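Subject: Structure handover

Hi,

Here is the structure I promised to pass on to you. Have a look at it first, and then read on for what I found.

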Amino acid sequence: MTSPKMSSWNGPVSQSPDDKSPKSMVKKARSYFAKVKYGGVDQEHVEVGFFDVGTSTHSGRGSEKWSQRVKRQLVQMPFLEFVAMFPDTNAIPFHQVAYFKERGETVLSMKLT
């Protein structure tokens, strides 16, 4: 059995540059977010697409006449507005980020499922 390759920070290195695993995509979203927030990219020209998850009341039939339904809606908003929604950076749901756009061009796109 071979051990995974390790980087200088002692974490496993992705075997493939096109790694689309959920964990890898969250890392990429977190990394690009930090790049924009802390320098290197003009924040005013960046937009974030993310899944806004909420519940809605649904009228049904039978014993479950009213029930709660989870609804996911893809929302696009300016980066600064997205940051204002989450004052605590640790509370940002990076697993719900679908893409980042800079000046209208998609710079990072996650798998939309």
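Helices here are DSSP runs of H or I with at least four residues, strands are runs of E with at least two, and both are numbered from the N terminus. Please keep in mind that this is a predicted model.

With that numbering, Q96 falls in the loop between α2 (79–85) and β3. Is Q96 buried or exposed? Its relative accessible area is 16%, and the cut-off for buried is under 20%, so Q96 counts as buried. Setting aside neighbours within four places in sequence, Q96 is in contact with G49, F50, F51 and V53. One of these, F51, has another partner: the charged end of R72 sits over the F51 ring, 4.1 Å from the ring centre.

Now the overall picture. The chain has two helices and four strands, and their order from the N terminus is α-β-β-α-β-β. There are 113 residues, of which 26% count as buried. Among contacts with a separation of 6 or more, 55% join residues 24 or more positions apart. The exposed area of the chain is about 8,300 Å², with 52% of it supplied by carbon and sulfur atoms.

Next, helix α1. The 16 residues of α1 should span 22 Å at 1.5 Å a residue, and the end C-alpha atoms are indeed 22 Å apart, so the two values agree. For the expected span, 1.5 Å is multiplied by one less than the number of residues. The buried residues in α1 include S24, M25, A29, Y32, F33 and V36. Just after the helix, G39 takes a positive phi of about 125 degrees.

The aromatic residues deserve a paragraph of their own. How many aromatic pairs are there? The count comes to six. One of the pairs is Y32 with F100, which is tilted, with 5.0 Å from centre to centre and 55 degrees between the planes. Since Y32 belongs to helix α1 (residues 22–37) and F100 to strand β3 (residues 97–102), this pair ties together parts that are 68 residues apart in sequence. Both partners are buried: Y32 has a relative accessible area of 11%, and F100 is at 0%. There is also one aromatic cluster, formed by F33, F50, F79, F82, F86 and F94. Two of its names have come up already: F33 is among the buried residues of α1, and F50 is one of the contacts of Q96.

Finally, the strands that follow the Q96 loop. Which way do β3 and β4 pair? They run in the antiparallel sense, with four bridges between β3 and strand β4 (residues 105–109). The two strands form a hairpin with two residues between them, and R103 in the turn has a positive phi of about 55 degrees. Across the pairing, E102 stands opposite E105 in β4, while F100 stands opposite L108. F100 therefore has a place in two stories, as it faces L108 in β4 and pairs with Y32 of α1, tying together parts 68 residues apart in sequence.

Happy to talk it through whenever it suits you.

Best wishes

Conventions:
Residues numbered from 1 in each chain as written. Predicted model: local features only at pLDDT ≥ 70, side-chain atom pairs only at ≥ 80, totals over all residues. Heavy atoms only, no water. Buried < 20%, exposed > 50% of the residue type's maximum accessible area, 1.4 Å probe, protein only. Contact = heavy atoms within 4.5 Å. Areas by Shrake-Rupley, 256 points an atom, 1.4 Å probe, with all protein chains shown as cover. Phe/Tyr/Trp six-rings, centres within 6.5 Å; stacked < 30°, edge-to-face > 60°. Lys NZ or Arg CZ within 6 Å of the ring centre and 35° of its normal. Pairing = 2+ DSSP bridges.
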